[in-house]
Amino acid sequence: MYLPSTLRRRLEARDARARADGVREGLELARARRARERHSYVFVVTFGRSGSTLVQGLLNTLPRTLVRGENDLYLLHFYRGLAALRAFREEHKAHGSYDDASAFYGLKQIRRSAFMQAMNDVVTTGVLGGVEADDYDVVGFKEVTWHRIAPEETEDFFAVMDKAFPGVRYVLNTRDPDRALASGFWRQEDEAAARQKIARTLDIQQHLRATRPDRVLDVSYEQLTGDDDGVRDALLASLGAFVTGRPVDESLMADLHHTLARGFGPNPFGGTS
């Protein structure tokens, strides 16, 4: 098909820009990945009144580990912003975003890698706060609102997490739902709605077990606070090795015991008020 020379040159220039953009995005992603690999990341996936603040305290007892508390799962907004952008780009991919006369001029210049880096930057700077980055190898947070991730979003959300936080690991904090529902703020909620939130969190935990078995660890509140010392200490040892990559020695085990005895949260040791 014959094309006027000016149109042909314009199309060739557009194609060249598209190829350059692809190379540039790959380089940006590689640079962002190197920056993200400075720390490793661990997140506590659980529901309210499950003993998650105690687990947070245990994690912070581990060497060179800093795990903060709840933040209303703000990462979900990052993910949904990226998902909306990808859908919008797909819808308008044929509408000339390389043409400065197009209503969608520059749409394809918005980098997915930038979203990944932004997610990592917000978490890392938020967790570190005013402390020195070099003082910690592992950072993260615990959260109890994972149930807000819709079923159809689940795998894509955690796939984005994989890219934003390379090698990310998850502590799956569990507790008997009936005991949790009888405790604290849950008693003020509609029971059916509360059970649905907990069930959704359990579904997400199971999804992570099934899809990322080498990057999850189950931590049972009942085992942590139970009377079987052997079971408890085995769980503490597993938690320490999972997060730090090193065995838990006698000194660290004593520190973890001290943390267990301290109590965490508004109503430690299973208080119901």
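This text describes two nonpolar cores of the structure and then one helix, H10. The model is predicted, so that local features require pLDDT of at least 70 and side-chain atom pairs pLDDT 80 or more, while totals for chains, interfaces and linings use all residues. Residues are numbered from 1 along each chain as its sequence is written, and side-chain values use heavy atoms, without hydrogens and water.

A nonpolar core is a set of buried Ala, Val, Leu, Ile, Met, Phe, Trp, Tyr and Cys residues joined through side-chain atoms within 4.5 Å; buried denotes under 20% relative accessible area and exposed over 50%, with a 1.4 Å probe and protein chains only. The largest such core has 31 residues, of which Phe43, Trp146, Phe158, Met161, Phe165 and Tyr170 touch the most other members. Among the elements that each supply at least two residues of this core are strand E1 (40-45), helix H3 (75-91) and helix H7 (191-211); helices (H or I, at least four residues) and strands (E, at least two) are DSSP runs numbered from the N terminus. A second, separate core of 25 residues includes Leu62, Leu224, Leu260 and Phe264.

Leu260 also belongs to the buried residues of H10, together with Leu252, Met253, Leu256 and Thr259. These buried residues line one face of the helix, because they fall within an arc of 115° seen down its axis, the arc being that of the directions from the axis to the C-beta atoms. On the other side of H10, Glu250, His258, Ala261 and Arg262 are exposed. After H10 comes Gly263, with a positive phi near 90°.
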